[in-house]
Amino acid sequence: MLTEYDIVIAGGGMVGASLACALSDTNLRIALVEAISPDSEYQPSYDERGLALSLSSKRIFQALKVWHQVEANANPIKRVHVSDRGHFGKVRMNAASMGLEALGYVVIARELGTVLMSRLRNTGNVDLLCPAQVTSVRQQPDNISLSLSLPQSTQELSCKLLVVADGARSGIREQLNIKTEITDYNQTAIVCNVTSQIAHADTAYERFTEAGPLALLPLKQNRSVVVFTVPTEEAEHYLQVDNDYFLEEIQKRFGRRLGKLAKVSSRHSYPMMQLLAHKQVEGRAVLLGNSAHTIHPNGAQGFNLCLRDVAGLAEHLVQDNGLANDPGDKHLLESYLNSRLEDQQRVSRLSHGMTRWFYNNQLTRAATRNVAMTLVDLVPPAKDSLMRRGMGIWGKQPGLVRGLEL
Ligand SMILES: Cc1cc2nc3c(=O)[nH]c(=O)nc-3n(C[C@H](O)[C@H](O)[C@H](O)COP(=O)(O)OP(=O)(O)OC[C@H]3O[C@@H](n4cnc5c(N)ncnc54)[C@H](O)[C@@H]3O)c2cc1C
């Protein structure tokens, strides 16, 4: 039996589920298709990773009416401290200096998933098909048809618009024959949580070391998320060593700002790459999230950027659908993409630049970098501009980021 929808979102990870939340309570008929149950330990989007959410993400989640639940599990970031190991450069940022309560918030991805999924279970216009995998996609002029594989059966769907939110290794992007440009950084992030002897005081630390960036993001109960980026050939070593040795290595690079680090959780690894799709719109399909652009997590910007794309697409669909009555309309999708390209390119260039800039310990490069960091720290307009970029409130942004409603 063929079921017809206005929109099918393929992939119910953080990005696909956020778009479904944004479009709930509209008159669009939507299917959200997710391959792996949110409660499964193999769910790749909702794992134990700590995510730093920017002010733009807070405003979007407020508009989606899920912020109060997200905030209940989140720890605010009131200060950010960026340093370069073995050098003098520092950048210190403070929410109070901008009259803000926080510069961002840290949430565990699994907890964010629980909030998004429970919001979707209470909506009338979104069918959550999970576990179900999109196995094939066929474009026609007036619609797209899809085949799904379910645990005991198969299902056929058709839709006006297919949103491809199936992650960096998107199989659907491949079926649509969209090529990508991939930069393999030969770096792997090792992620875990630790407890510190001295209270973190809602401070996020980013420390650039010769081995790669080391971030500590504040969590509740004086825990911090550690994101330790190492050359890929050393990753297995850091995953295998015992907890005491691992903590010593982190401590050596991080120093004693938070006193002794203890109680390390299980460690997980993520290979680092940049992936940019050559096209984000193909016929009636639009790529969203990591399938469109995956960036290095050094500036904690990946999901925040994706969520601004979610806001931009939702605005185009809600505002324009009344006129065109076709969510897969070519002009609507082009207009959405044009509105988002500048932000996407700016953020991906910045995160790529940081991988080159902070991994080079040549004397002249290190000296220039440290002078630049000191200037940013001491010159208020430079710091203000950096903070606004980090918070996703710089340049032309979707209405939801500016406090408007859909
Ligand atoms: C170590 C690390 C730390 C990070 N920290 C931050 C941070 O602090 N702040 C930030 O903003 N960003 C951060 N990011 C980036 C963030 O994790 C990504 O931007 C985000 O996960 C993208 O979500 P997504 O939904 O596009 O893709 P994914 O999370 O990969 O989700 C894709 C979903 O699609 C499903 N799927 C796949 N194929 C199919 C199919 N054929 N049919 C149906 N479903 C399918 C998968 O099961 C999955 O649930 C970090 C990333 C890493 C690796």
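**Notebook: strand 7, the ligand shell and some backbone outliers**

I began with strand 7 and looked up which way its side chains go: G104, V106 and I108 point one way, Y105 and V107 point the other way, and all of them are buried. The model is a predicted one. Strand 7 covers residues 104-108, and five of its five residues are buried.

**Entry: the sheet around strand 7**

I next asked which strands pair with strand 7. Strand 3 runs antiparallel to strand 7 and is joined to it by five bridges. In that pairing A52 stands opposite V106. Strand 4, residues 75-77, is also antiparallel to strand 7, over three bridges. Here I77 has G104 as its bridge partner.

Put together, this is an open sheet of three strands in the order 3-7-4, with antiparallel pairing. Strand 3 and strand 4 are the edge strands, each pairing on one side only. I noted the twist as well: neighbouring strands of this sheet are turned by 35 degrees against each other on average, direction ignored.

**Entry: helices on this sheet**

I looked for helices against the sheet and recorded two. Helix 2 lies across strand 3 and strand 7, and runs at about 85 degrees to strand 3. Helix 4, residues 109-121, packs on the sheet and touches strand 3 and strand 7; its direction makes about 85 degrees with that of strand 7.

I then checked the burial of helix 2, residues 55-63: eight of its nine residues are buried. The buried set is L55, S56, S57, K58, R59, I60, F61 and A63. I note that K58 and R59 are in this buried set. After helix 2 comes K65, which has a positive phi near 60 degrees.

**Entry: strand 13 and its partners**

Strand 13 spans residues 203-209, and six of its seven residues are buried. I found a parallel pairing with strand 5, residues 79-84, made over six bridges. In it, V82 has E206 as its bridge partner. I also found an antiparallel pairing of strand 13 with strand 14, residues 212-218, over five bridges. There E206 has A215 as its bridge partner. E206 is therefore a bridge partner of V82 in one pairing and of A215 in the other. A hairpin of two residues joins strand 13 to strand 14.

**Entry: the nonpolar core**

I looked up the largest nonpolar core, which has 112 residues; V8, I9, L19, L162, V163 and L288 touch the most other members. Helix 8 gives the most to this core, with nine residues.

I took I9 as an example and listed its contacts, leaving out residues up to four places away in sequence. I9 touches G16, L19, A20, I30, L32, V33, V163 and A165. Two of the core residues with the most contacts, L19 and V163, are thus on the list for I9.

**Entry: the ligand shell**

How many residues surround the ligand? I noted 36, and the closest are G11, G13, G167, G289 and G302. By residue kind, the shell divides into 20 nonpolar, 13 polar and three charged.

I then asked which elements supply the shell. At least two residues each come from helix 1 (14-23), strand 3 (50-54), strand 9 (133-139), helix 5 (171-175), strand 12 (180-196) and helix 8 (302-324). Helix 8 supplies the largest share, four residues. Strand 3, an edge strand of the sheet described above, is among these elements.

**Entry: backbone outliers**

I ended with the backbone angles. Most residues other than glycine have a negative phi, and most peptide bonds are trans. I wrote down the following exceptions.

The peptide bond joining C130 and P131 is cis, with omega about 0 degrees. P131 is in the loop between strand 8 (126-129) and strand 9.

A201 has a positive phi, near 50 degrees. This residue is in the loop between strand 12 and strand 13. Is A201 buried or exposed? A201 is exposed, because 10 other C-beta atoms lie within 10 Å and the cut-off for exposed is 12 or fewer.

K263 also has a positive phi, near 50 degrees, and is found in the loop between strand 16 (261-262) and strand 17 (268-277). With 11 other C-beta atoms within 10 Å, K263 is exposed.

Notes
Residues are numbered from 1 along each chain as its sequence is written. This is a predicted model: local features need pLDDT of at least 70, side-chain atom pairs count only at pLDDT 80 or more; totals for chains, interfaces and linings use all residues. A residue is near a molecule or strand if its C-beta atom, placed from the backbone, lies within 6 Å of it. Ala, Val, Leu, Ile, Met, Phe, Trp, Tyr, Cys and Pro count as nonpolar, Asp, Glu, Lys and Arg as charged, and the others, Gly among them, as polar. A residue is buried if 20 or more other C-beta atoms lie within 10 Å of its own, exposed if 12 or fewer, and partly exposed in between; C-beta atoms are placed from the backbone. Two strands pair if DSSP finds at least two bridges between them. A nonpolar core is a set of buried Ala, Val, Leu, Ile, Met, Phe, Trp, Tyr and Cys residues joined through C-beta atoms within 7 Å. Two residues are in contact if their C-beta atoms, placed from the backbone, lie within 7 Å. Axes are lines fitted to C-alpha atoms, for helices over the stretch in contact, and angles run from 0 to 180 degrees between N-to-C directions.
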